[in-house]
Amino acid sequence: MRKKGIQTNDPHIQALARIVGGEKSILYKKEDLIAYDCDGFTVHRHLPKAVVFPKNTEEVAAIVKYCHEHDLPFLARGAGTGLSGGAIPLNGEVIISLVRMKRLISVDLENRRAVVEPGFVNLKLTNSISDRGYYYAPDPSSQYCCTIGGNVAENAGGAHCLKYGVTTNHILGLEVVLPNGEIIEIGKNGIPDPPGYDLIGLLTGSEGTLGIVTKITVRILKNPEAKQTVLAYFDRVEDASQAVSDIISEGMVPAALEMMDQTAIEGVEAAAFPVGHPKDIEALLLIEVDGISAGISEQIEEILRICRNRNVREVKVAQTEEERARWWANRKTGFGAMGAISPDYLVQDGVIPRSKLPEVLKNIQQISKKYGLRIANIFHAGDGNLHPLVLFDASKPGETEKALAAGSECLQACAAVGGSITGEHGVGIEKKEEMRFIFSDEEIAAQIDIRDVFNPKNLLNAGKLFPTPGRCVEVKREKKQRQSL
Amino acid sequence: MLSLEWKDELTAILSEKQVQIEEHGSHPLGNSGHVTVYPQSEEEISNILRYANTHGKRVCIVGGGTKRGFGGQLECADILLSLANYSGIVEHAAADMTVTVKSGTVFQQLQDYLAEYRQKVALDPVWPQYATIGGVISANDSGPKRLGYGSARDSVIGLRIVYPDGTVIRSGGKVVKNVAGYDMNKLFIGAMGTLGVISEITLKLRPLPKYESLVLLSFPSGNLEEVRSFAVQFLDSMMEPVCFELLSPSLSERLIGQRAYTLAIGFEDVESAVHYQEEFVKRLQPPNTTIRILPQEEAKSFWQTFYTIGPNGAAPDPLGQEIEAAVKIGVVNLDVLHIVRESDLLQESCHVHIEAHGGLGHGLCQVYIKGESESVATAIERLRTAASGLGGYAVVKHLPFSLRKRIDVWGENPSYFFLLDGIKRKIDPNRILNNQRFIGGI
Ligand SMILES: Cc1cc2nc3c(=O)[nH]c(=O)nc-3n(C[C@H](O)[C@H](O)[C@H](O)COP(=O)(O)OP(=O)(O)OC[C@H]3O[C@@H](n4cnc5c(N)ncnc54)[C@H](O)[C@@H]3O)c2cc1C
Ligand SMILES: Cc1cc2nc3c(=O)[nH]c(=O)nc-3n(C[C@H](O)[C@H](O)[C@H](O)COP(=O)(O)OP(=O)(O)OC[C@H]3O[C@@H](n4cnc5c(N)ncnc54)[C@H](O)[C@@H]3O)c2cc1C
């Protein structure tokens with residue numbers, strides 16, 4: 001029989017176990033910790049010191065306070081689906097897992113808001129209110145399992161963010177445990193524009209480096225009266241990208257405007273939710289329009305006209321809800337589907353001005369040739385958010401490094417046209433160095449300055465987000481500030 | 001006071017005509033300076049700030065000055081940095097639906113330019129003919145259409161900021177989706193110029209609506225329960241109003257000549273969708289109410305008037321006969337009903353004239369008060385009590401300087417004030433920028 005109680009002499013583990021109420025709420029044995037050595041970014045791995053499972057804000061605060069007082073590095077973890085390594089315990093952190101804080105605290109339909117705990121799964125929110133015709137807009141493809149706390153940390157986006165905005169546009173209030181264990185509440189009662197600097201905006205997307213979110217007030221929306229979905233097949237990828245540009249510059253705001261290229265189509269058709277897309281087309285567009293039913297058909301006609309102008313091979317409107325759902329399942333499981341055609345894949349996440357789509361897709365093709373690795377593209381074309389998926393085989397020596405280099409070069413191509421290195425997956429460990437593609441040393445130092453206000457000991461999720469020799473930049477800036485006194 | 005030497009030093013940075021010595025150096029709304037400087041480039045802004053930072057001079061920033069009466073405990077800073085001559089469009093990527101603009105550009109001029117491309121910045125601040133885009137963003141101004149289009153934090157995608165030490169820092173970028181590093185844009189939106197001078201602003205744009213109309217639904221009975229039950233029913237429908245704003249009877253009288261609580265419900269979409277939604281309102285229309293529909297140009301002209309109902313800090317004689325105050329109140333959406341009613345009742349009990357409006361879909365109210373100084377002060381206190389009783393806040397957006405010393409325009413500090421102050425100290429350790437303009441004396 002298994003022996004009860006904590007089987008270690010480590011006083012920290014014992015103390016943490018006491019805070020969370022015993023052995024059922026803490027993992028500390030190596031065999032148990034292995035599952036936590038990485039998140040959705042699997043290239044780096046590191047074992048945490050322990051994983052604790054608090055049940056409420058007070059326990060989170062007590063854990064953080066303990067870590068703060070004993071100089072133990074720590075970090076928060078939701079579902080661990082992050083794609084940039086944000087939840088990887090690089091420094092042997094104590095992982096504070098929020099999966100047991102998963103209550104839907106309240107729903108107020110009249111005032112269109114809901115309050116959730118951070119471990120509440122994204123899709124569950126929509127499922128809890130859909131019977132009354134409401135939903136929560138940000139819809140990352142991982143929404144069936146990722147947590148809203150993790151969404152806040154990463155400022156997650158999704159297919160329908162083109163029209164409705166990303167996570168930050170839907171957060172009204174946060175309760176946060178600061179890195180010293182203090183609990184604060186910003187945006188009391190979810191009332192907008194609380195006087196003072198916009199800390200909600202700053203915390204959202206800070207990748208778990210400024211505080212641990214323990215309660216979230218989100219805005220919920222009423223379902224659109226009608227929606228229609230269009231699938232368009234193009235022989236040439238240039239035509240598809242031109243159609244995207246045309247739709248945007250015509251002044252239309254579709255709910256979603258997604259694109260897949262030939263390699264991606266090969267993947268999704270070989271995986272669990274095939275639609276029967278032709279394999280010989282270079283690209284497809286999945287376009288959704290929603291809103292007042294009286295206005296929808298006009299917009300659909302316009303989209304069909306644009307696609308035809310751009311030599312579409314075939315374009316169709318979903319005839320049933322079932323058909324629409326099938327198209328979306330095919331799209332939303334797109335990343336995983338690459339597993340059907342490649343042993344490993346690396347997801348990248350660059351953003352470009354939408355009019356640069358044809359140019360950048362061409363550059364990505366060249367990068368693919370240069371490294372001899374296939375790159376599939378499945379992405380949010382409407383807001384210029386590319387997801388090049390670099391296909392590789394980690395068992396072949398040197399191929400992982402090649403894939404990383406190819407991914408980085410894709411980001412460089414995005415930065416070169418005035419874009420960004422990440423649109424929704426975050427910097428984490430993965431893109432730390434690439435931050436230099438878009439920010440100067442001084443700009444990076446300015447961000448580190450802000451971190452220092454919240455997280456002066458840098459015990460919370462250290463080593464993420466900023467390029468490694470950040471130290472010398474920090475020193476440089478300090479010196480400069482002293483000089484200016 | 002002001003030595004000539006001072007001016008010489010500044011003219012070493014700028015040309016003679018960009019530096020103006022102020023004779024009086026004070027303004028009834030405060031927030032003025034002994035010297036006004038008019039930089040024309042980012043480099044000049046940077047040089048001025050570097051000069052001020054090393055010489056311990058206090059700088060007050062002004063865009064259009066419509067918000068001169070918004071916050072501030074200093075009657076006169078050393079340098080008034082005006083962005084009036086720092087304007088123009090830097091880059092308009094029409095096909096990408098983004099624009100980069102210098103911060104001193106007048107809001108309306110930007111909109112007029114974009115209108116030629118059938119595009120717009122989706123913000124509706126007051127006094128668009130005077131307000132600069134930099135001021136709108138720094139004051140985080142939004143109007144009723146925030147319901148449909150969001151506020152500055154939803155439109156701004158990139159900034160160039162001149163830090164107090166003269167360094168130029170970029171935040172965000174030129175793309176509509178971006179999570180690289182901290183979302184630093186958010187820090188400067190609504191910061192009232194206490195962290196840096198915003199030099200350039202990149203905004204995402206929206207298409208101009210193909211058609212618009214405004215439905216005005218008046219409730220002459222004065223029974224707010226009727227308004228509430230209509231609002232709840234309407235907001236639970238799938239209609240997509242861009243605004244759902246309750247006007248107080250006094251404001252309604254001024255705008256449409258009908259002294260009654262009135263809901264202003266705006267629709268912007270393709271024409272068929274707009275008419276469909278108008279019909280929907282008619283079907284839901286409660287008994288004893290009156291309805292008026294302003295199509296297209298009529299709606300536009302309503303809004304033009306609407307955006308000039310409040311006091312304007314840039315007007316030639318901003319004090320007029322009576323004291324004027326503007327209060328922004330935030331409460332949970334439907335509690336706007338209570339605030340608008342309270343405003344109406346205060347008119348009699350405090351002997352003031354009050355016009356108020358608030359969005360039942362977003363929870364923000366604007367209350368404009370006119371009257372004798374003491375009465376205005378009492379009305380503000382009562383409104384603040386009402387707001388905090390509902391778990392909300394009240395910020396006094398406009399008040400003559402003399403009263404600002406007595407009434408804390410920002411209200412109580414939040415429990416996390418040390419974070420706000422910590423940010424200020426990191427970025428502006430010498431507190432040269434808009435000192436004491438912001439919450440808690442930041
Ligand atoms: C198949 C797949 C598809 C995806 N599709 C999308 C997509 O379409 N759009 C998109 O944006 N992302 C997508 N992602 C990425 C990922 O799902 C999101 O980043 C998500 O928000 C992470 O949530 P999580 O709960 O898994 O967080 P985790 O991975 O556990 O954590 C992510 C980061 O957030 C921090 N964190 C977690 N919880 C908290 C908290 N309560 N307080 C403070 N910090 C916290 C962690 O420290 C870490 O830095 C996808 C991932 C996968 C695997
Ligand atoms: C009494 C009053 C009430 C108002 N009420 C409402 C309202 O109810 N609803 C609404 O939506 N709008 C309101 N406004 C809106 C306002 O008029 C403008 O929309 C805008 O906010 C001010 O622009 P400005 O250029 O005049 O700014 P200014 O008054 O010049 O400046 C505003 C603030 O921003 C700072 N600032 C200006 N430019 C910069 C810059 N480039 N960089 C850094 N800081 C800068 C200034 O120092 C100051 O702190 C109100 C204005 C007034 C005067």
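How many residues of domain 1 of chain B are in contact with domain 2 of chain B? The count is 6 residues on the domain 1 side, and they meet 9 residues of domain 2. Keep in mind as we go that this is a predicted model.

Let's get our bearings in chain B first. The domain assignment splits chain B into domain 1 (1–208), domain 2 (211–306) and domain 3 (322–404). The centres of domain 1 and domain 2 of chain B, taken over C-alpha atoms, sit 35 Å apart. Between them, these two domains bury about 680 Å², and 62% of that is on carbon and sulfur atoms. On the domain 1 side, look for B:Pro144, B:Lys145 and B:Leu147: this trio supplies 71% of the area that domain 1 buries against domain 2, more than any other three residues. Charged side chains play a part here too, with 2 salt bridges counted between domain 1 and domain 2 of chain B.

For a salt bridge you can zoom in on, find B:Glu268 and B:Lys120, whose side chains meet at 3.3 Å, N to O.

Now for a charged residue without such a partner. B:Glu200 lies in strand β10 of chain B, which covers residues 197–207. B:Glu200 is buried, yet has no salt bridge. Why does B:Arg160, the nearest side chain of opposite charge, not count? B:Arg160 is 4.2 Å away, and a salt bridge has to be within 4 Å, so the pair misses the cut-off. Leaving aside residues up to four places away in sequence, B:Glu200 touches several others, including B:Tyr86, B:Val90, B:Thr100 and B:Arg160.

Next, a couple of backbone oddities. Most residues other than glycine have a negative phi. B:Arg118 goes the other way, with a positive phi of about 55°. You'll find B:Arg118 in the loop between α3 (107–115) and β7 (119–121) of chain B, where B:Arg118 is partly exposed at a relative accessible area of 48%. B:Asn288 also has a positive phi, near 65°. B:Asn288 is in the loop between α10 (271–284) and β14 (290–295) of chain B, and B:Asn288 is exposed, with a relative accessible area of 61%.

Finally, hop over to chain A. An unreviewed UniProt entry places the feature "domain: FAD-binding PCMH-type" at residues 44–223 of chain A. Over that stretch the chain is 21% helix and 24% strand, and the end C-alpha atoms are 40 Å apart.

Technical notes: Residues numbered from 1 in each chain as written. Chains lettered and ligands numbered in written order. Predicted model: local features only at pLDDT ≥ 70, side-chain atom pairs only at ≥ 80, totals over all residues. Heavy atoms only, no water. Helix = DSSP H or I, 4+ residues; strand = E, 2+ residues; numbered from the N terminus. Buried < 20%, exposed > 50% of the residue type's maximum accessible area, 1.4 Å probe, protein only. Lys, Arg positive; Asp, Glu negative; His and termini not counted. Contact = heavy atoms within 4.5 Å. UniProt positions renumbered as here; feature names shortened; annotations may be inferred. Domains from an automatic or database assignment. Buried area = accessible area lost by both parts, 1.4 Å probe.
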